[in-house]
Amino acid sequence: MILQEKELREYLEGTNFTADEFRCRCCGVVKMQKSFIDKILKLRELMKEPMYINSGYRCQNHPDEISKKKPWAGFHVKSEGVDIRVSTRKYRAKLIRLAHACSITGIGVANNFLHLDNRSWDALYCYPKTK
């Protein structure tokens with residue numbers, strides 16, 4: 001079930017997140033899969049420390065999606081992907097361990113963020129190192 005902006009805003013009320021954190025920076029739309037949001041909320045509860053969303057929902061025209069071979073198939077576009085800011089190795093390791101415990105199946109490791117998604121298979125991968 002996809003939660004549109006108003007529903008997501010209400011659903012996140014009283015949590016550590018706001019709907020605006022999941023907003024597409026290209027078109028301004030906010031929508032996320034409820035089942036995925038439930039996993040992110042559980043993850044935040046287990047982390048017991050702040051989690052900052054760099055990117056949530058993305059439309060097909062978002063610059064990070066349009067360059068892909070299949071921009072309609074990305075997990076951000078499907079409302080089932082987020083990028084979480086990471087600043088230390090310790091935080092990254094804890095986030096990976098707890099994301100796996102929360103049944104988050106897609107984990108992409110980058111220098112300064114962790115991509116998390118709700119795919120139908122387990123995947124752990126690294127992004128190429130950037131300058």
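## A walk from a loop to the core

Let us start at Phe75, which sits in the loop that links helix H3 (63-66) to strand E4 (81-85). Keep in mind along the way that the model is predicted. Is Phe75 buried or exposed? Its relative accessible area is 14%, and because buried means under 20%, Phe75 is buried. Setting aside neighbours within four places in sequence, Phe75 touches Glu80, Gly81, Asp117, Asn118, Arg119 and Trp121. If you look back along the chain to Glu65, 10 residues away, you will find a C-alpha separation of 9.9 Å from Phe75.

Two of those partners, Glu80 and Gly81, lead us on, for they are also among the contacts of Leu116. Beyond its neighbours within four places in sequence, Leu116 further meets Phe36, Ile40, Leu43, Val82, Ile84, Ala99, Ile104, Gly106 and Ile107. Leu116 belongs to the largest nonpolar core, a set of 32 residues. Leu116 is one of the residues with the most contacts inside this core, together with Leu8, Phe22, Leu43, Met51, Val82 and Leu95. Which elements give two or more residues to the core? They are helices H1 (5-12), H2 and H4, along with strands E4, E5 (106-109) and E6 (113-117). H2 supplies the largest share, 6 residues.

That makes H2 a good place to pause and look at the helix packing. Two packed helices are described by the angle between their axes and the distance between the axes. Take H1 and H2 to begin with: their axes lie 12 Å apart and form an angle of about 25 degrees. Angles under 35 degrees count as roughly parallel, so H1 is roughly parallel to H2. The crossing of H1 past H2 is right-handed. On the H1 side the contact is made by Leu8, Tyr11 and Leu12, and on the H2 side by Lys34, Ile37, Asp38 and Leu41. By residue type, this contact has 5 nonpolar members, no polar ones and 2 charged.

Now turn to the pairing of H2 (residues 34-47) with H4 (residues 89-101). Here the angle is about 130 degrees and the axes are 10 Å apart, and H2 and H4 are therefore oblique to each other. This crossing, too, is right-handed. From H2, Leu43, Leu46 and Met47 meet Tyr91, Lys94, Leu95, Leu98 and Ala99 of H4. The residues of this contact comprise 7 nonpolar, no polar and 1 charged. Two names here should be familiar: Leu43 and Leu95 are both among the core residues with the most contacts.

Follow the chain out of H2 and you enter the loop that runs to strand E3 (53-55), where Glu49 is found. Lys48 is in this loop between H2 and E3 as well. Lys48 has a positive phi of about 60 degrees although it is not a glycine, and at 71% relative accessibility Lys48 counts as exposed. Glu49 is partly exposed, with a relative accessibility of 28%. Apart from neighbours within four places in sequence, Glu49 contacts Arg44, Tyr91 and Lys94; Tyr91 and Lys94 also take part in the contact of H4 with H2. Glu49 and Asn16 are 33 residues apart in sequence, with 9.9 Å between their C-alpha atoms.

Our last stop is the loop between H4 and E5, which holds Ser103. Ser103 is not a glycine, yet its phi is positive, at about 65 degrees. With a relative accessible area of 43%, Ser103 is partly exposed.

Technical notes: Residues numbered from 1 in each chain as written. Predicted model: local features only at pLDDT ≥ 70, side-chain atom pairs only at ≥ 80, totals over all residues. Heavy atoms only, no water. Axes fitted to C-alpha atoms, helices over the stretch in contact; angles between N-to-C directions. Helix = DSSP H or I, 4+ residues; strand = E, 2+ residues; numbered from the N terminus. Parallel < 35°, antiparallel > 145°, perpendicular 65-115°, else oblique. Left-handed = near helix turned anticlockwise from the far one by under 90°. Contact = heavy atoms within 4.5 Å. Nonpolar A, V, L, I, M, F, W, Y, C, P; charged D, E, K, R; others polar. Buried < 20%, exposed > 50% of the residue type's maximum accessible area, 1.4 Å probe, protein only. Core = buried A, V, L, I, M, F, W, Y, C linked by side-chain atoms within 4.5 Å.
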